[in-house]
Amino acid sequence: MLEGYNTMDTLASLMFGALIIGLLRQKGIEDYRSQFKYLTIAGLISAVGLSAVYISLFQLGNSAGGVASDISNGGAIVNAYVLSLFGQPGQFILAAIITLACFTSAVGLLCAGADYFHGLTGWAYRNWVILLGALCALVANVGLSELIGLSIPVLVAIYPVAIALVLVTFLKGWFAQPRLAFRGVLTVAFLFGCLDGLGAAGMAMDGFAFLPLFDKGLAWLLPTLLACIVGILMRPSGKLAAEAA
């Protein structure tokens, strides 16, 4: 599960979802039912495509024993695997595939990020695209292994918030006070996620070892689920008084 954080699929899906909603509104599709239909279609297409990718990677990992040795990341494994099967022409094809795949993700995320910060600050959308693109290009060139090492503590800290956001969105209809429940659940996920993030960064966190699943980097999971249960059970004081009467 922690290795799955590195894909950043959940984080990207939140941004792409917001981007798709914005595009639908630009085309005059404002009602919830129609937006839900188109988002469902987009989600199913994405799920099928990602399933094909990850099932292929599972098979690659299952059959790549001995192909690559002394490797530092998954990219090196894929490269060595393709080289062993298809030679150098296969590496050119792999490079083209990865370039196209990353290009679409980069465009979508840059558009979503620039649109968000444009709405937040009022600064020109074009300027935000250029700035974010330059920052991404700078960070991307530190190398894959170094990038993974830098990003893991951050991802371990913020991914619980993203997962909790998806969870409370599905549970929205069950919460008596949705706004309060959202804030409470996300705050709990963030605080406990920070503990996991500090541990992943190499800081001594022995004082929190008593927390369930802390040694697995999942100290946030049970408190977040508990916060969801509290949010479901919580009732406004007025409603309690009405029920008592």
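**Figure 1. Aromatic pairs in the predicted model.** In this predicted model, five aromatic pairs are counted. One of them joins Tyr116 and Phe117: the ring centres lie 5.2 Å apart and the planes meet at 75 degrees, so the pair is edge-to-face. The angle decides the label because planes over 60 degrees apart count as edge-to-face. Tyr116 has a relative accessible area of 51% and is exposed, whereas Phe117, at 31%, is partly exposed.

**Figure 2. The aromatic cluster around Tyr116 and Phe117.** Together with Trp123 and Trp128, the residues Tyr116 and Phe117 make up one aromatic cluster. Within this cluster, the Tyr116 and Phe117 rings form an edge-to-face pair.

**Figure 3. A charge over a ring at Lys37 and Tyr38.** Lys37 places its charged end over the ring of Tyr38. The distance from that charged end to the ring centre is 4.7 Å.

**Figure 4. Helices and contacts.** Nine helices and zero strands are found in the protein, giving the pattern α-α-α-α-α-α-α-α-α along the sequence. Along the principal axes, the C-alpha atoms fill a box of roughly 80 × 55 × 35 Å. Of the contacts with a separation of 6 or more, 56% are between residues 24 or more positions apart.

**Figure 5. Surface and charges.** The protein has 245 residues, and 21% of them are buried. About 16100 Å² is exposed, with carbon and sulfur atoms supplying 71% of this area. There are 11 positive and 11 negative charges, and the mean positions of the two sets lie 18 Å apart.

Methods
Residues numbered from 1 in each chain as written. Predicted model: local features only at pLDDT ≥ 70, side-chain atom pairs only at ≥ 80, totals over all residues. Heavy atoms only, no water. Phe/Tyr/Trp six-rings, centres within 6.5 Å; stacked < 30°, edge-to-face > 60°. Buried < 20%, exposed > 50% of the residue type's maximum accessible area, 1.4 Å probe, protein only. Lys NZ or Arg CZ within 6 Å of the ring centre and 35° of its normal. Helix = DSSP H or I, 4+ residues; strand = E, 2+ residues; numbered from the N terminus. Contact = heavy atoms within 4.5 Å. Areas by Shrake-Rupley, 256 points an atom, 1.4 Å probe, with all protein chains shown as cover. Lys, Arg positive; Asp, Glu negative; His and termini not counted. Charge placed at Lys NZ, Arg CZ, Asp CG, Glu CD.
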